[in-house]
Structure formats: structure tokens, C-alpha cells
Amino acid sequence: MWLYVLLVSFLWAAVWFFRDRQMLSSFKDKYVFITGCDTGFGNMLAKRLDKKGFHVLAGCLTLKGADSLKRATSPNLRTMLIDVTNSESIRKAVEWVQTEVGGKGLFGLVNNAGVANPIGPTEWMHIEDYRKVMAVNGFGVIEVSLAFLPLLKQARGRVVNVSSVLGRIAANGGGYCISKYMVEAFSDSLRRDMYHFGIKVSIVEPGFFKTGLTNLEAIEASLRQLWDRMSPETRQSYGEDFIAKYVKVQNFIMNFFCDPDLSKVTNCMEHALQARHPRTRYSAGWDAKLLWLPAIYLPAFIVDIVLANILPKPARRVR
Ligand SMILES: NC(=O)c1ccc[n+]([C@@H]2O[C@H](COP(=O)([O-])OP(=O)(O)OC[C@H]3O[C@@H](n4cnc5c(N)ncnc54)[C@H](OP(=O)(O)O)[C@@H]3O)[C@@H](O)[C@H]2O)c1
């Protein structure tokens, strides 16, 4: 009986292994549009796909980001300014991509643009803080995907949505985790609905990496803004030294977990674009594989206890 189970498992693993390694033969006629190419993963992916011969259509938020990307890449790579929270900007990007691809359609859409701040205790947030983050990470992904679907259908293309391990486990307050849960759910429904049209949808779930998004100064500055605008009563319930302790924990987490090797994430994005059979989910980074994703399967009370003991406790806590 055990031998049979072992044999079936081995066969399954072998088939998966060989299937996963089958790649498309040429990328020369393939157009890929990426959002958030100014910095971080998007910037690195644009450069790497450009080197591989893809036609990269790089969406940048700023002129500065677009110019510096252009200087570092081949004349094949084209840039366009896009703010994923602005419907008019998205419409213009679709028009531009349509002109660039001619009759070929769009082979790849990478929804990478994202913001994180403010993150912090839920009670410190205003509704606008949630709206701001979800506008980029959640509704931005949805609106851009919907707008590009006709071009993706034409090429039987692929969508690669950048989520996070925090889209599987809500380890901090603020809009970030919620927005990434949105990305997960939207991607699952998009994949199922567009399957019939040959469109493949992959989700990339990175752990913690050293980019602008995990910049400690920015996280600390945004935390202090939340702290300063709170009522004196709420501040007192946490205690005056709470913010300093909270920042210290964030410092520890970012220094301990943040991996400087961004290629672990771009490798996943590249596989999703190049493989004959792209995976549904990719996890990138040792912390994602060994810590965050396994934690999802633990009983919630264990995760609650661990997080409650890592984060500082309010001064006027009742338990
Ligand atoms: N770094 C991590 O640890 C980590 C972990 C999991 C998931 N992720 C995800 O990975 C993706 C890329 O982030 P990153 O780590 O590479 O950080 P990043 O360097 O800050 O890149 C994010 C990019 O998105 C752009 N952007 C921000 N708001 C935008 C908007 N409204 N419209 C269009 N573009 C906008 C930013 O432009 P500016 O630079 O000009 O602001 C920036 O180029 C994000 O979706 C993020 O949530 C990151």
C-alpha cells in the first residue's frame, strides 16, 4: 500500500517537474505591459524581459522613472506614464498599447504597481487610509485588467498579478493586507472566467524584499503621522512609548526578513510569462515558503498568540 502511494507521488512529482520546465520557444513577437516600472520588481522585470527579446511596454508613474528606465534598456523597450488609480490614464494606456501591438494583441499584462503605507494598528487608521491603498493595489489591478482584456483575448495572453504573502495572512493593520486579499480573490475569479478564452492568470506572492515599499524611513514617517493625528485619549490608551516600541519591531522585521535579491520575485514573473504551463501561484523568498505560507494552515489562535507577543502591548490593555 505504502509503496503504491510512494510510486504515485513520485510519478506525480516527475510529471509536474517536466511540465513546469517546458518553455515557449520565442518571445520576439510577444508584447508585455507592466505597471509600476519606476522602481523595484517592475523595473527589474522590464530590464530582464527586454534583454530576453520581449517587446516590453513599461508603465511608469513618473517621467523620472520612465527616463531612467529608457536609458538602461534597448530602444525596443517603450515607456508610457500610467497612474492605475486614474481611469483616464488607464484608457490612454490601452490606446497606446493597442497602437504598439498592431493586430497581435497583448501577450502579457503584469499588474505590479503597489503602495503599502500606512500600515499600523487598525485603530490608528481613517477610512481614507484604506481607500488610498486599495485604490492602487486593489481597484487599480481590477480596472487595468478589465481594460486590457480585449487585447489579451486577441493574443490568448497571460495576466500576472503581484499579490503578497500578506494577501494570504493579515499580519498587520491598514489597507495593504486587505488590498492583497482583493488581488487574490480577483485573480482566482478572473482565471476561472477567462480559462475558456485561453487567457492564463498567475498570482505572485512575494515574502519581504528590500524595495521602496519596505523602506523603513517611509514606514516610520507614515506611522508617526498616524500617531500625531490621534486624539490624546487614544494615544494615552497605548502609552507614550508605544510608537517607539512599534517602530523598533518594524525595524527588526524589515532588517531580519527583507531579502535584497529581487530576482527571486522576477524569476517567478518570468516563469509565468515564458512557461508553456504557467503556475497558478508562485511564492517568492525563503520567508514566504518557510514561514508565512505554512502559517496560513495553522489554527488562527496560534498565529494570533505569536503576533500578539511580537508586537508591543498597549499601556491600558485589559488582558
Ligand atoms: N517589497 C516587498 O517586500 C513586497 C512584498 C510583497 C509584494 N510586493 C508587491 O510588489 C509590487 C511591487 O512593489 P516593490 O516592492 O517593487 O515596490 P516599489 O519599488 O515601491 O514599486 C512599486 C511601484 O509602483 C509604482 N506606483 C505607485 N503608485 C502607483 C500608481 N498609482 N500607479 C502606477 N504606479 C504606481 C511606484 O512608483 P513610484 O516609485 O514612482 O512611487 C513604484 O514604481 C507591489 O504590488 C507590492 O505590493 C512587494
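**Exercise 1. Find which residues Thr73 touches, not counting residues up to four places away in sequence.**

Step 1. Locate Thr73. Thr73 sits in the loop between α3 (63–71) and β3 (78–81). Helices (H or I, at least four residues) and strands (E, at least two) are DSSP runs, numbered from the N terminus.

Step 2. Note the source. This is a predicted model: local features need pLDDT of at least 70, side-chain atom pairs count only at pLDDT 80 or more, and totals for chains, interfaces and linings use all residues. Residues are numbered from 1 along each chain as its sequence is written, and side-chain values use heavy atoms, with hydrogens and water left out.

Step 3. List the contacts (heavy atoms within 4.5 Å). Thr73 touches Lys47 and Asp50, residues up to four places away in sequence not being counted.

Step 4. Add the side chain. The side chain of Thr73 reaches the backbone oxygen of Leu69 at 2.8 Å.

Step 5. Classify Thr73. Buried means under 20% relative accessible area, exposed over 50%, partly exposed in between (1.4 Å probe, protein chains only). Thr73 has a relative accessible area of 14%, so Thr73 is buried.

**Exercise 2. Work out which residues of α3 are buried and where they lie around the axis.**

Step 1. Pick out the buried residues. In α3, Gly65, Ala66 and Leu69 are buried.

Step 2. Check the arc, taken from the directions from the helix axis to the C-beta atoms. The buried residues cover an arc of only 95° around the axis, so they are on the same side of α3.

Step 3. Turn to the other side of α3. There, Leu63, Lys64 and Arg71 are exposed.

Step 4. Find the packing partners. The buried residues of α3 pack against α2 (40–52), β2 (55–60) and β3.

Step 5. Take Leu69 as a case. Its relative accessibility is 0%, so Leu69 counts as buried. Apart from neighbours within four places in sequence, Leu69 contacts Cys37, Asn43, Ala46, Lys47, Ala58, Cys60, Leu77 and Thr79. Leu69 and Met44 lie 25 residues apart in sequence and 9.4 Å apart in space, C-alpha to C-alpha.

**Exercise 3. Decide whether Glu270 and His271 are buried or exposed, and name their contacts.**

Step 1. Place Glu270. Glu270 belongs to helix α10 (residues 263–274). Its relative accessibility is 3%, so Glu270 counts as buried.

Step 2. Name its contacts. Not counting residues up to four places away in sequence, Glu270 touches Leu45, Arg48, Leu49 and Lys52. Glu270 and Leu49 are 221 residues apart along the chain, with 7.6 Å between their C-alpha atoms.

Step 3. Move to His271, also in helix α10. Its relative accessibility is 12%, so His271 counts as buried.

Step 4. Name the contacts of His271. Not counting residues up to four places away in sequence, they are Asp20, Met23, His277, Arg279 and Tyr282. A polar contact of 2.7 Å joins the side chains of His271 and Tyr282. A polar contact is a pair of N or O atoms within 3.5 Å; within protein, one must be able to donate a hydrogen and the other to accept it, and residues adjacent in sequence count only if both atoms are side-chain atoms.
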